[in-house]
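Student: I have the sequence and the model open side by side, and I would like a close look at a single part. Could you take me through the small sheet and the residues that go with it, slowly and in one connected account?

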Amino acid sequence: MAEKNNFAFTKYIKLSVLAGLILLVVSPLLSTIEVSAYVDNTTISRIHNLRLTVEIKGEHASQVPQPEIPTIPGFTLTGTSSSSSSSFSIINGRMTSSVTRSYVYTLRPEEAGRFLIPPISVQFENRTYATQPISVTVTEETSLPAPQPG
């Protein structure tokens, strides 16, 4: 009887190790992220700053390094800030979580014209994720609109 229990225990250990190895191999495949970028305005005047936001979403977004912004023709980077939010949900007994990391870059236009913010990429678990390019128009308008009477 003891020999039968020992065999069952050994089989249980082997199956547990196999399941653990499978999780180690499959887990990185399941941990995808999404990277997106947007601006507060696609048309601005030279006297206004542009806010470029890069968002990284996914269960492991907090492990992704901050994106490095490439040189953006026609703009100077004047500031950065970041924030993070998390959400958890349980649906039909299955718990899921998501993290959103937001990086906001303040850009000052150097000249009027039409410019393209190039794709911004991040590396995570041996994969490269990139945003779509964004077109921005900077106008020569250098004065503020007249205040409305009231």
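Tutor: What follows goes from the sheet to an aromatic pair, and then to two loop residues with an unusual backbone angle.

Please keep in mind throughout that this is a predicted model. The sheet is an open one, formed by 3 strands in the order β2-β9-β6, and the pairing within it is mixed. Because β2 (43-45) and β6 (113-117) stand at the edges and have a single partner strand each, one side of each is left without a neighbour in the sheet. From one strand to the next, the twist averages 30 degrees. As background, strands of a sheet pair through backbone hydrogen bonds, and they do so in either a parallel or an antiparallel way. In this sheet, β6 and strand β9, which covers residues 134-139, pair in the antiparallel sense over 5 bridges. To find the register on screen, you can look for glycine 113, which stands opposite valine 138 in β9.

Strand β6 also takes us to the aromatic rings, since phenylalanine 115 lies in it. The count of aromatic pairs comes to 1. That pair is formed by phenylalanine 75 and phenylalanine 115, with 5.7 Å from centre to centre and 75 degrees between the planes, and it is classed as edge-to-face because the angle is over 60 degrees. The pair links distant parts of the chain, given that phenylalanine 75 belongs to strand β4 (residues 75-91) and phenylalanine 115 to strand β6, 40 residues apart. As for accessibility, phenylalanine 75 has a relative value of 7% and therefore counts as buried, the cut-off being under 20%. Phenylalanine 115 is buried as well, with a relative accessible area of 12%.

If you follow β4 onward, you come to the loop between β4 and β5 (94-109), and this is the place of asparagine 92. Although asparagine 92 is not a glycine, its phi is positive, at about 50 degrees. The residue counts as exposed, because its relative accessibility is 81%.

A further residue to inspect is glutamate 125, found in the loop between β7 (121-124) and β8 (127-130). Its phi is near 50 degrees, again a positive value in a residue other than glycine. Glutamate 125 is partly exposed, with a relative accessible area of 38%.

Notes: Residues numbered from 1 in each chain as written. Predicted model: local features only at pLDDT ≥ 70, side-chain atom pairs only at ≥ 80, totals over all residues. Heavy atoms only, no water. Pairing = 2+ DSSP bridges. Helix = DSSP H or I, 4+ residues; strand = E, 2+ residues; numbered from the N terminus. Axes fitted to C-alpha atoms, helices over the stretch in contact; angles between N-to-C directions. Phe/Tyr/Trp six-rings, centres within 6.5 Å; stacked < 30°, edge-to-face > 60°. Buried < 20%, exposed > 50% of the residue type's maximum accessible area, 1.4 Å probe, protein only.
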